[in-house]
Amino acid sequence: MSGPAETPRAPRLTLHLLGGFGAVRDDGVEIPRRWRRSTAQTLVKLLAVAPGRRRHREEVMELLWPDVPMESAVRNLRVTLHAARHALEPELAPRTPSSYVVAEGEVLFLAADRVRVDADEAEESARAALGGGAPDALGAALASLDRELLPEDRYADWARERRLRIEVLREQLVRALAESLLADGRTDDAVGVLREALDRFPADEGLHLLLGRTWCAMGRPRQAIRQYHACREALSEELGVRPGAELEALHRSALAALDARTVPPPARTLPEPAPLPPAIRRPERLPLFGRERPLELLVEHARGPAPEPGVAAAAGPAPLVVVRGEAGIGKTRLVAEAARRAAAEGVCVLWGTSHEAEGQTPYGVFVDALDGLLAGCGAEERSWVGAEHTGLATLLPSLGGGPAAAASPEEERARLFRAVAGFLTDLAAARPVLVVLDDLHAADPGSLSLLHHLVRTTQARRWRFIATCRDDTLEADDVRRQVLDGILRQRMAVEVDLLRLSRADCAGLAAAAAGRPVGTDSAAGTDCAGRSGSGSAESADARRAASRIFRLSLGNPLFALELASTPGADLERMEPRHRTTAEPDADAVPDGIRRLVAGRLARLPRDARRTLAAVAVAGGTAVALTEIEAVASAGLHPPLEGPEVTAALDAAAGSGIVEERDVVLGGRSVLGYAFRHPLVRLACAEQLSRAARRRITRRTRTRCCGCVPMPSTPSRSTWRSPTTSGHRSSSGRPRSGRPPCTPTTAPATTTGNWSPGWTPPTGRRRGRRGWPGARSCAAPHAIRRPRTC
């Protein structure tokens with residue numbers, strides 16, 4: 001006979017504690033994650049985390065039912081133990097011992113030969129890796145301990161001891177792995193391991209110390225200093241203590257290394273001479289005229305003063321030069337030439353431009369300047385900058401972008417300011433640095449704040465700033481205007497105001513643009529000042545064209561260049577022949593000037609644009625305010641009244657299109673307005689249709705000159721003027737020999753400012769108020785009754 005049949009061995013059971021509780025059997029029997037009795041699952045967890053996987057019955061009852069009487073606790077344990085066995089072994093027969101949860105006397109334990117626990121195996125592999133020291137084994141062991149032990153029971157007291165043991169083991173793995181990677185020369189991998197560990201344990205001074213030493217070994221003392229401050233802040237917030245002696249010594253050594261370092265990698269890799277920024281890399285076709293002295297001052301400023309020991313920083317020149325001037329005066333052209341000459345002498349030039357069409361992008365002008373330099377550097381240099389100045393990573397596209405801001409906006413702004421200052425300091429270690437900020441009036445307020453910080457902290461550093469700015473685009477209450485005024489008020493900047501070109505310089509610029517020799521123009525037969533010589537008819541035409549260009553541009557280089565390529569017939573049409581109200585030849589204005597004026601007008605209110613157009617058609621060199629109000633009321637539809645006209649003119653004057661000027665009217669000086677350029681007046685007149693211009697011209701002649709129609713006969717029409725003593729004949733000639741009363745004979749609307757192209761008649765003396773014997777109107781809108789013969 002055969003003996004009794006052997007009981008089949010139960011399949012192995014694996015309990016998962018890392019990352020969440022779970023039970024899996026090798027034979028595929030499904031064990032649900034949620035058990036019918038939660039205390040049964042907790043019982044299995046208690047045994048799995050206990051040393052040796054065993055606990056006493058009374059300990060189990062104390063942990064599960066601390067406030068329950070002993071009799072009830074014993075009954076509960078019996079029921080819970082039964083539920084746990086059947087949850088793991090659904091096929092277990094009644095009164096059959098379990099293969100996984102075993103009871104021997106007063107001790108409960110998990111069968112060692114049938115049950116596996118992942119936390120135990122991870123700890124064993126970690127100890128083995130620590131003993132071997134291989135980086136791969138240490139990395140695998142660290143990865144196995146990355147998951148949290150029973151996250152659903154994070155605050156259970158019975159799992160605290162096991163948690164602490166795993167955390168201590170994990171810290172040992174981090175240090176061992178970082179040291180092993182450093183020994184193999186894999187510094188970047190070591191830094192990544194330490195940073196990840198510090199994210200989990202920010203107050204671990206040992207990890208901060210190891211990472212700081214790693215930064216020093218990599219030649220990045222600034223990062224080591226930053227690590228020291230991060231550790232100090234974490235220890236103060238969580239433990240209320242200061243860093244230990246080792247970390248303090250590391251901080252001092254990093255400061256000493258930073259002072260001893262001469263040239264950082266980005267400055268060391270720039271060639272000699274420094275490359276020009278892309279914005280000014282293309283050479284200019286025409287030379288500069290009339291800017292010799294400001295050019296010399298800007299180049300001297302770009303070089304910077306030579307460092308002198310013992311001289312206070314406040315005794316040096318201002319670190320910022322603001323080049324001001326109207327639109328088209330040549331600010332960018334002048335600064336570009338100064339930057340080219342400074343770069344030829346070894347200055348590192350950074351060029352940034354604010355683009356009005358793109359809006360006020362955050363720190364856009366500095367992004368343009370810094371990114372333009374880094375875009376020409378290699379990957380190694382950009383990587384160094386991104387690691388050394390982490391605040392720039394989120395700002396500059398060439399650094400690939402950085403993590404999202406985790407601090408407050410104020411802290412992120414301060415971090416960015418320090419990063420930009422540190423980067424410029426590293427660049428200036430090898431050579432002087434010039435940062436050009438073009439069109440600063442279009443920059444955002446953050447860029448102005450950053451500029452204020454940089455010029456305030458420049459001290460003896462070898463970096464300088466040049467900015468171009470138009471004041472007519474910044475309101476008095478604009479934050480950018482206030483910051484810029486604050487810089488000037490604190491004497492951290494000087495201003496260079498560019499004036500218009502002289503007649504000689506304007507003639508030279510026009511000759512150069514036309515391809516003629518500059519200086520003595522053989523074709524024109526004149527010198528640059530426009531003085532005539534013994535030239536031919538062609539030279540006379542050239543002299544007249546140069547004179548017209550100067551009168552129309554008034555020395556503005558941009559306007560002069562546009563007019564230099566304009567045919568002579570169009571120049572004659574644009575030139576105002578009379579100082580009166582007459583419809584201008586606006587279609588002769590060059591396209592470049594038309595676009596420039598249209599862009600400036602687009603920023604004005606609608607009423608201001610309509611008023612300017614009316615003034616351009618109705619006025620000559622200067623127009624009295626009363627005349628403007630009369631024209632706006634009678635010539636525009638819908639009409640504009642006095643307060644509306646005043647507000648419109650204030651807006652136009654603030655934008656720099658018109659300016660206030662005294663006008664003599666009726667023998668007394670009154671307030672008037674004049675366009676700053678004749679070409680601007682012509683371009684503004686284009687805003688109205690021809691029909692509207694004729695309407696305004698007709699209304700202006702009636703109101704300003706005081707002419708009224710006389711009764712006419714079928715044969716002819718006779719007019720009478722209050723400024724003449726006789727009738728006009730049908731031929732248009734005054735019977736008394738005096739000029740007719742037309743707008744062309746009313747020159748007393750301005751004081752000492754004659755319109756180009758108008759010449760008073762000769763042979764008769766001019767009276768105080770106009771022509772001899774003529775009586776001026778008492779008011780521009782007054783209509784006098786004519787006297788009869």
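What follows is a short exchange about one sheet and two helices in a predicted model.

Visitor: What makes strand 8 (residues 348–353) mostly covered?

Guide: Buried means under 20% relative accessible area. In strand 8, 6 of its 6 residues are buried. Cys348, Leu350 and Gly352 point one way, and Val349, Trp351 and Thr353 point the other way. All of these are buried, so each of them is under that 20% cut-off.

Visitor: How do you know that strand 8 and strand 9 pair?

Guide: Two strands pair if DSSP finds at least two bridges between them. Strand 8 and strand 9 (residues 433–438) have 6 bridges, in the parallel sense, and therefore they count as paired. In one of these bridges, cysteine 348 has valine 433 of strand 9 as its partner.

Visitor: Why are strand 8 and strand 11 called edge strands?

Guide: The open sheet has 5 strands in the order 8-9-10-7-11, with parallel pairing. Strand 8 and strand 11 (493–497) each pair on one side only. On average, neighbouring strands of this sheet are turned by 20° against each other, direction ignored.

Visitor: What makes strand 7 and strand 10 a pair?

Guide: The requirement is at least two bridges. Strand 7 (residues 320–324) and strand 10 (residues 463–469) have 5, again in the parallel sense, so the requirement is met. Valine 323 has threonine 468 in strand 10 as its bridge partner.

Visitor: Which strands does helix 18 touch?

Guide: Helix 18 (residues 479–489) packs on the sheet and touches strand 7, strand 10 and strand 11. Its direction makes about 125° with that of strand 7. Helix 16 (residues 409–427) lies across strand 8, strand 9 and strand 10, at about 120° to strand 10.

Conventions:
Residues are numbered from 1 along each chain as its sequence is written. This is a predicted model: local features need pLDDT of at least 70, side-chain atom pairs count only at pLDDT 80 or more; totals for chains, interfaces and linings use all residues. Side-chain values use heavy atoms; hydrogens and water are left out. Buried means under 20% relative accessible area, exposed over 50%, partly exposed in between (1.4 Å probe, protein chains only). Helices (H or I, at least four residues) and strands (E, at least two) are DSSP runs, numbered from the N terminus. Axes are lines fitted to C-alpha atoms, for helices over the stretch in contact, and angles run from 0 to 180 degrees between N-to-C directions. Contact means heavy atoms within 4.5 Å.
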